[in-house]
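Please follow this explanation with the sequence and the model side by side. The paragraphs move from the surface to the interior.

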Amino acid sequence: MFNDNKFLKGTGGEVFLNNTLLLEINKVSIKMTGQFEDFAPVKDYCTHHVYVGYDGQGTIEGARIDTGIDADLINAYQKGYTPDLKIYANLTDPNTGKTERYMITGVQFTEITPVEWEAKKLVTRSMPFTFTGITVLSTID
């Protein structure tokens with residue numbers, strides 16, 4: 001029997017930047033992309049793909065309720081450094097109460113858009129980032 005309540009829904013999600021809950025976020029995407037090097041050994045007609053590492057990228061999106069994050073990043077970048085940032089992403093299944101949790105480390109925002117708005121529109125932001133580490137803190141089974 002098909003049960004609609006088995007599907008995870010993003011409404012139960014939370015995103016923290018360091019220890020600050022970002023209430024304005026309505027979309028988050030965090031992905032790891034494997035990096036592979038082609039290897040063609042002798043006497044083998046198949047090209048093999050050897051794993052050599054990964055690249056971590058993501059984006060957080062949502063409404064804009066303040067400009068503090070932008071100001072901090074602008075200040076840091078203009079002084080020649082990137083702040084030490086972590087993202088915690090949680091998603092809770094309201095039917096079971098179980099939560100998946102991830103800690104993303106080595107976060108570096110790759111774009112800052114301090115000014116982008118349009119009359120009669122909600123001001124939103126999209127903040128792409130890279131990262132160097134991801135830790136699974138809990139899963140939904």
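Strands, as the word is used here, are DSSP runs of at least two residues in state E, and they are numbered from the N terminus. The model under discussion is a predicted one.

A suitable place to begin is the surface. M32, F36, Y51 and Y54 together form a nonpolar patch there, and their combined accessible area is about 430 Å². Two strands contribute to this patch: β3, which covers residues 25–39, and β4, which covers residues 48–63, each provide at least two of its residues. Y54 may serve as an example of a patch member. Y54 is located in strand β4. Its relative accessibility is 32%, and because the partly exposed class lies between 20% and 50%, Y54 is counted as partly exposed.

From the surface, attention may turn to a charged residue in another strand. R125 belongs to strand β7, which spans residues 124–131. Is R125 buried or exposed? Its relative accessibility is 7%, and R125 therefore counts as buried, since the limit for that class is under 20%. What does the side chain of R125 reach at 2.6 Å? The partner is the backbone oxygen of D66. A further polar contact, of 3.0 Å, connects the side chain of R125 with that of D70. Both aspartates also appear in the wider list of residues that R125 touches, once residues up to four places away in sequence are set aside. That list comprises I60, E61, G62, A63, R64, I65, D66, I69 and D70.

Strand β7 also takes part in the aromatic contacts. A pair of aromatic rings is described by the distance between the centres and the angle between the planes. The number of aromatic pairs in the model comes to three. In one of them, the ring centres of F109 and F129 are 5.8 Å apart and the planes meet at 75°, so the pair is classed as edge-to-face, a term that applies to angles over 60 degrees. F109 lies in strand β6 (residues 99–109) and F129 in strand β7, so this pair ties together parts that are 20 residues apart in sequence. Both F109 and F129 are buried.

F129 has a second ring partner, F131. Here the centres are 6.4 Å apart and the planes stand at 45°, so the pair is tilted. F131 is buried, as is F129. Through these ring pairs, F109, F129 and F131 are linked into a cluster.

Note on methods
Residues are numbered from 1 along each chain as its sequence is written. This is a predicted model: local features need pLDDT of at least 70, side-chain atom pairs count only at pLDDT 80 or more; totals for chains, interfaces and linings use all residues. Side-chain values use heavy atoms; hydrogens and water are left out. Helices (H or I, at least four residues) and strands (E, at least two) are DSSP runs, numbered from the N terminus. Buried means under 20% relative accessible area, exposed over 50%, partly exposed in between (1.4 Å probe, protein chains only). A polar contact is a pair of N or O atoms within 3.5 Å; within protein, one must be able to donate a hydrogen and the other to accept it, and residues adjacent in sequence count only if both atoms are side-chain atoms. Contact means heavy atoms within 4.5 Å. Patches are made of residues with over 30% relative accessible area and no salt bridge: like charges are joined within 9 Å, nonpolar side chains (Val, Leu, Ile, Met, Phe, Trp, Tyr) within 5 Å. Accessible areas come from the Shrake-Rupley method with a 1.4 Å probe; for residues, only the protein chains shown count as cover. A salt bridge is a side-chain nitrogen of Lys or Arg within 4 Å of a carboxyl oxygen of Asp or Glu. Rings of Phe, Tyr and Trp (its six-membered ring) pair if their centres lie within 6.5 Å; planes under 30 degrees apart count as stacked, over 60 as edge-to-face and the rest as tilted.
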